[in-house]
Amino acid sequence: MLELAGKLAPAGVMCLIGISSGRRLLPVDMSRIGASMVLGNSLVFGTVSAARRHYEQAVGALARADPAWLGGLITRRVPLSGWQQGLARQPDDVKVVVDLTQ
């Protein structure tokens with residue numbers, strides 16, 4: 001994982017779909033790795049096989065969330081035909097979504 005994370009291109013994305021046995025300890029400078037990821041705008045995320053109830057819990061949490069807060073996360077919408085516009089960063093961007101209804 002560390003070797004691959006070190007090879008991420010700027011704005012690279014890495015998905016972890018498994019975990020190690022936890023039996024091997026490596027000396028790692030997490031502050032250096034963290035700075036490199038932040039400055040390189042990299043993303044590392046993991047996924048698990050969730051049960052249906054987990055998705056239902058997430059739906060419930062989003063349904064209870066403040067709509068103004070949720071709406072504030074999306075700062076720009078682009079139509080599917082103009083998806084390329086969504087890749088061009090603008091100063092106020094937080095989250096840009098491709099709106100399939102436009």
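This passage describes the helices, loops, salt bridges and largest pocket of a predicted model.

Residues are numbered from 1 along each chain as its sequence is written, and side-chain values rest on heavy atoms, with hydrogens and water left out. As the model is a predicted one, local features need pLDDT of at least 70 and side-chain atom pairs count only at pLDDT 80 or more, whereas totals for chains, interfaces and linings use all residues.

A convenient place to begin is with the helices. Helices and strands are taken as DSSP runs, numbered from the N terminus (helices: H or I, at least four residues; strands: E, at least two). Helix α2 covers residues 30-39 and is hardly covered, since none of its ten residues is buried; here, buried means under 20% relative accessible area, exposed means over 50%, and partly exposed lies in between (1.4 Å probe, protein chains only). Helix α3 is hardly covered too, with a count of one buried residue among its 13. From its first C-alpha to its last, α3 reaches 19 Å, close to the 18 Å expected at 1.5 Å a residue; the expected span is 1.5 Å times one less than the number of residues in the helix.

The backbone offers two points to look at in the loops. Most residues other than glycine have a negative phi. A11, in the loop between α1 (2-5) and β1 (13-16), has a positive phi near 65°. This residue is partly exposed, because its relative accessible area is 49%. N41 likewise has a positive phi, near 55°, and is found just after α2, in the loop between α2 and β2. With a relative accessible area of 57%, N41 is exposed.

The next residue to consider is S42, which also sits in the loop between α2 and β2 (43-46). The C-alpha atoms of S42 and A11 are separated by 4.6 Å, although the two residues are 31 apart along the chain. Once neighbours within four places in sequence are left aside, S42 is in contact with L8, A9, G12 and M37, contact being heavy atoms within 4.5 Å.

Further along the chain, G46 belongs to strand β2 and counts as exposed because its relative accessibility is 56%. Its C-alpha atom is separated by 8.4 Å from that of M14, 32 residues away along the chain. S49 lies in the loop between β2 and α3, and at 80% relative accessibility S49 counts as exposed. The C-alpha atoms of S49 and I17, 32 residues apart along the chain, are separated by 9.2 Å.

Turning to charged pairs, the model contains two salt bridges, each defined as a side-chain nitrogen of Lys or Arg within 4 Å of a carboxyl oxygen of Asp or Glu. One joins the side chains of R52 and E56, at 2.8 Å from N to O. Both residues lie in helix α3 (residues 52-64), four residues apart, or about one turn of the helix. R52 counts as exposed because its relative accessibility is 66%, while E56, at a relative accessible area of 45%, is partly exposed. The other salt bridge brings together the side chains of R76 and D93, again at 2.8 Å from N to O. This pair links distant parts of the chain, with R76 in strand β3 and D93 in the loop between α5 and β4, 17 residues apart. Both R76 and D93 are buried.

The last feature is the largest pocket. Rolling a probe the size of a water molecule over the atoms shows where empty space is left. The search uses a 1 Å grid over the protein atoms alone: a pocket is an open set of points where a 1.4 Å probe fits, with protein on both sides within 12 Å along at least five of seven lines, and lining residues have an atom within 4 Å of a point. Grid points are joined across faces, edges and corners, and the volume is the space filled by probe spheres set on the points.

The largest pocket has a volume of about 370 Å³. Its lining comprises 14 residues, and the closest to the pocket centre are G86, R89, V94, K95 and V96. At least two lining residues come from each of β3 (74-79), α5 (83-87) and β4 (95-99), and β4 gives the most, with four. By residue class, the lining divides into eight nonpolar, two polar and four charged residues (nonpolar: Ala, Val, Leu, Ile, Met, Phe, Trp, Tyr, Cys and Pro; charged: Asp, Glu, Lys and Arg; polar: the others, Gly among them).
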